[in-house]
Amino acid sequence: MKTRILCMTLMIFSGWAAAESARSLVQEGNAAYEKGKYDEALKAYEKAGQTAPDASEILFNKGVAYYQQKEYDKAMGAFEQAGMKTKDAKLEAKSQFNMGNCTFHKAESQMQEKPEEALKTLGRSVQYFQHAADLDPELNEAKQNVEVTRLAINTIQEAMKAQEEAAKKAQELKEKLEKLIKDQQQLQTLTQQTATQQAAVPPVPEPAPAPEQPPVEGETTATAIPAPVQPEPAPQPAPAEDSCKGLAEVQQTLKTDAQNISTEMAQYVPPPQPPQNITPPLRPPEPEGEETPPIAQAKDHVDQAVEYQDTAEQQLRESKAKESLSPQGGAVEELKKALDLLNTSENQDQQKQDQKQEQQQGDQKQEQQDQQESQEGEQEQPQAQQQEGEQQQQQAQSQQEGESEEQQAQQMQNEGENEGEDEGQDETAREILNEEQEHKMMLMQPRGGYKPVDKDW
């Protein structure tokens, strides 16, 4: 049972009146997607979205392409917009389903450093899958993924519990080692004092044997009567010898404590690392390299300390306090090495965790910066298009103004020509009138001059 994405990119655009150019671009994007060319597919979907910005199918396809590129935040945004803009319950269910998948993968990236955050993220993933199943009861994959995600939640919780128990056990081991080192050092101090006392008491010389007396002449050895043997008092144990026996008993107890610590280390189970991929089937992480775990190295040092302690115990039972100081010191050094390994391992784990957190924060900053640049680019694109449209509009307006000026010039030229024709017509008319006037004057003048008229009339 695995989570999977519903890659439904070849969709029929029946729910919106798409322009032919947008339809063609979507088909181009789908073809690129099928070939695994997700960048080209996204470019085609972007262009199609400019023509049909409210087409939920285009937004859904963009989300699927982003998902294949593992850009889950961008995919999440595209699916969310597709679900909000569509009126188709099935498409909304598919969008919710894919949002659940994006959230699921986000939880995978949080598991190593922030398991608590991963649990919260998986809880949201369950909600998306459940919502998808409610919108489309036939979407069986959503119901399956609800169970898969809940299984992942249980697995993480068990791993976190095991980590807490293992960390608690490791802390107990360190505390026992610290106490054992302190007790062994105190024993070493007492042994040094006993060795000093032994050095201050001179050894008691053994009595020399009595010289044999030669037999007297005339006497035989058979008739000689030996002197009665006086019983010697039992020797009293020296105080230093009593002290060594007591120290030997203490050393035996400390040796037993060290053996118990070694046994606990052998039974110690390191905290399981949360799986990087929590999609079932769940598998434990593969060990990296052949390096011996720090707990195993610490156990080796504890075992070496036990050998030193055994040697020191035997020497103390023989009242050799001074000789036992060297193995006791060796035991202390081995126990310190074991403790250092446990502390170093804890510090290294903390450093790795800090480094991972810093790297994750850096990745998040870079991702936010990329998203911001992408958003700025998307904002600049409409502005550029608007500026380009304004420039085209200005060019068209300038062209119209130029055409208008040409029309005005042509009109003025035509008017001038008309005026010239009118003036010519007027001049012709005046000439005709002048000719007629002159003709009348010629008719009015008498031919041959005036004749005198009689006055008597």
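**A note on helix 3 and a negative patch**

1. In this predicted model, let's begin with helix 3, residues 56-68: at 1.5 Å a residue its 13 residues should span 18 Å, and the end C-alpha atoms are 19 Å apart, which agrees. The expected span is 1.5 Å times one less than the number of residues. Helices (H or I, at least four residues) and strands (E, at least two) are DSSP runs, numbered from the N terminus.

2. Helix 3 is largely enclosed by the rest of the structure, because 12 of its 13 residues are buried (under 20% relative accessible area, with exposed over 50% and partly exposed in between; 1.4 Å probe, protein chains only). Among them are Ile58, Leu59 and Phe60, and also Glu57 and Lys62. After helix 3 comes Lys70, with a positive phi near 65°.

3. For the overall picture, the protein has 10 helices and 0 strands. Of its 457 residues, 30% count as buried.

4. Do look at the surface too: Glu116, Glu117, Glu164 and Glu165 form a negative patch. Patch residues have over 30% relative accessible area and no salt bridge, with like charges joined within 9 Å and nonpolar side chains (Val, Leu, Ile, Met, Phe, Trp, Tyr) within 5 Å. A salt bridge puts a side-chain nitrogen of Lys or Arg within 4 Å of a carboxyl oxygen of Asp or Glu. Helix 6 (115-135) and helix 7 (140-200) each supply at least two residues of the patch.

5. Glu165 lies in helix 7 and counts as partly exposed because its relative accessibility is 48%.

6. Residues are numbered from 1 along each chain as its sequence is written, and side-chain values use heavy atoms, leaving out hydrogens and water. Local features need pLDDT of at least 70 and side-chain atom pairs count only at pLDDT 80 or more, while totals for chains, interfaces and linings use all residues.

How values were computed
Accessible areas come from the Shrake-Rupley method with a 1.4 Å probe; for residues, only the protein chains shown count as cover. Lys and Arg count as positive and Asp and Glu as negative; His and the chain ends are not counted. The place of a charge is taken as NZ of Lys, CZ of Arg, CG of Asp or CD of Glu.
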